[in-house]
Amino acid sequence: MISKQLKWVYLIILSLIWGSSFILIKKGLVGLSAMQLGSLRIIFAALFLMVIGAKSVPIIPRPKWKYIALTSLFGTFIPVYLFAIAETEIDSSITAILNALTPLNTLLFGATFFGITFQKKQIWGVFIGLIGSVLLVLNGAINNPGHNYYYAILVIIATICYAINANLLKRFLSDLSPLSITTGNFMVLLLPALSVLYFSGFFEVIHINKVQHSVLFIMLLGVLGTGIANILFFKLIQMSSPVFATSVTYLIPIVAFFWGFLDNEILTSVQFFGAFVILIGVYLSAKK
């Protein structure tokens, strides 16, 4: 009973943290490029985790490291850059709503590659979610001609990466502690992220006040929205299921919309309807 209650506590905390991540990305992009932002997000998270979790790394069995590397790639490395690039063209609230496709894709990939069974109503959920996504993106493109809504495809690709990551975690890494997995992930990513940051020209502009201000937002994003949130997410997967854990994306758009509204982001009535349709589809796809 305690475990059942605790998983909902984790879900709510994650929704608040990750729902706030999109506005932090938006603020970070004021002074940073997408590649610089993604790299700094990984680096700050890695440094934080190496301080609190270094002792948990040696207990990872050698055969598990290939899965640690895969989950670091699909769960963090690819998505952080895709989200940053996407938000150079589309609003943070739109990005968060599209992120709600994650549990839907988790079901699809789980059923296709990981042997997860599904029901007919879950298939309907997939189609309904796709219809909502099309409504959201097309209406956004019509009402915001200055934005390139093809960048929404990057968010969808990121949700597919998250779906693969969730299934890999549940299948191959459930026997490891969340801190071990998370710290191992970011130890793998630290050198690649530093390399991308170096070639992005960051150290040539670090003295600019606008850049330094943006770095503070990304430091918060890296430690809280990536480091701590990943530990909570991996723990949630272990105590529940990949589909339940990724259903945190039901609540993320609500938090993200609140921050977007405060930052003068406005959704049209059709986009609200599209978001509602997406959440219905996600609910049906995640329901047992």
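These are my notebook entries on salt bridges, buried parts and a surface patch in a predicted model.

**Entry 1: salt bridges**

I searched the whole structure for salt bridges and found three. In one of them the side chains of K26 and D263 meet, with 2.8 Å from N to O. This pair links distant parts of the chain, since K26 sits in helix 1 (residues 2–28) while D263 sits in the loop between helix 12 and helix 13 (269–286), 237 residues apart. I then looked up how open the two partners are, and noted that K26 is partly exposed with a relative accessible area of 25%, and that D263 is partly exposed as well, at 22%.

D263 also meets the side chain of K27 in a salt bridge, again with 2.8 Å from N to O. K27 lies in helix 1 and D263 in the loop between helix 12 and helix 13, so this pair ties together parts that are 236 residues apart in sequence. For K27 I read a relative accessible area of 29%, which makes this lysine partly exposed.

My next pair was K64 and D175, whose side chains meet in a salt bridge at 3.3 Å, N to O. K64 is in the loop between helix 2 (34–53) and helix 3 (65–86), and D175 is in the loop between helix 7 (152–172) and helix 8 (178–199), so the contact ties together parts that are 111 residues apart in sequence. Is K64 buried or exposed? K64 counts as buried because its relative accessibility of 18% falls under the 20% cut-off. Its partner D175, in contrast, is exposed, with a relative accessible area of 55%.

I also checked for shared partners, and the salt bridges that share them join K26, K27 and D263 into one network. As a general reminder to myself, side chains of opposite charge can pair when their charged atoms come close.

**Entry 2: helix 4 and N99**

I turned to helix 4 (residues 92–99) and found it mostly covered, with eight of its eight residues buried. The buried residues here are S92, S93, I94, T95, A96, I97, L98 and N99.

I followed N99, which has its place in helix 4, and which counts as buried at 5% relative accessibility. What does N99 touch, once its neighbours within four places in sequence are left aside? I listed contacts with F22, F83, V155, T159, Y162, T249 and I252. Two of these, V155 and T159, are themselves among the buried residues of helix 7.

**Entry 3: helix 7 and L154**

I compared the expected and the modelled span of helix 7: at 1.5 Å a residue its 21 residues should span 30 Å, and the end C-alpha atoms are 31 Å apart, which agrees. The buried residues in this helix include A152, A158, C161, A163 and I164, and further along N165, A166, N167, L168 and L169 are buried as well.

L154 is found in helix 7. Not counting residues up to four places away in sequence, L154 touches L82, I85 and A86. I also took the separation of L154 from R41, 113 residues apart along the chain, and their C-alpha atoms are separated by 18 Å.

**Entry 4: S39**

S39 is found in helix 2, and is buried, with a relative accessible area of 0%. Leaving aside neighbours within four places in sequence, I found S39 in contact with Y81, A193, V196 and L197. S39 and I218 are 179 residues apart in sequence, and their C-alpha atoms are 9.7 Å apart in space.

**Entry 5: the nonpolar core**

The largest nonpolar core has 73 residues, of which L14, W18, L32, L40, I42, F233 and L236 touch the most other members. Helix 10 (residues 209–239) gives the largest share of this core, 12 residues. I looked up L14 in particular, and, apart from neighbours within four places in sequence, L14 is in contact with G19, A229, L232, F233, L236 and V248.

**Entry 6: a nonpolar surface patch**

Finally I went to the surface, where F258, W259, F261, L262 and I266 make a nonpolar patch of about 550 Å². Which helix holds L262? L262 lies in helix 12 (residues 252–262), and L262 is exposed, with a relative accessible area of 52%.

Notes:
Residues numbered from 1 in each chain as written. Predicted model: local features only at pLDDT ≥ 70, side-chain atom pairs only at ≥ 80, totals over all residues. Heavy atoms only, no water. Patch = residues over 30% accessible without salt bridge, like charges linked within 9 Å, V, L, I, M, F, W, Y side chains within 5 Å. Areas by Shrake-Rupley, 256 points an atom, 1.4 Å probe, with all protein chains shown as cover. Salt bridge = Lys/Arg side-chain N within 4 Å of Asp/Glu carboxyl O. Helix = DSSP H or I, 4+ residues; strand = E, 2+ residues; numbered from the N terminus. Buried < 20%, exposed > 50% of the residue type's maximum accessible area, 1.4 Å probe, protein only. Contact = heavy atoms within 4.5 Å. Core = buried A, V, L, I, M, F, W, Y, C linked by side-chain atoms within 4.5 Å. Expected span 1.5 Å × (residues − 1).
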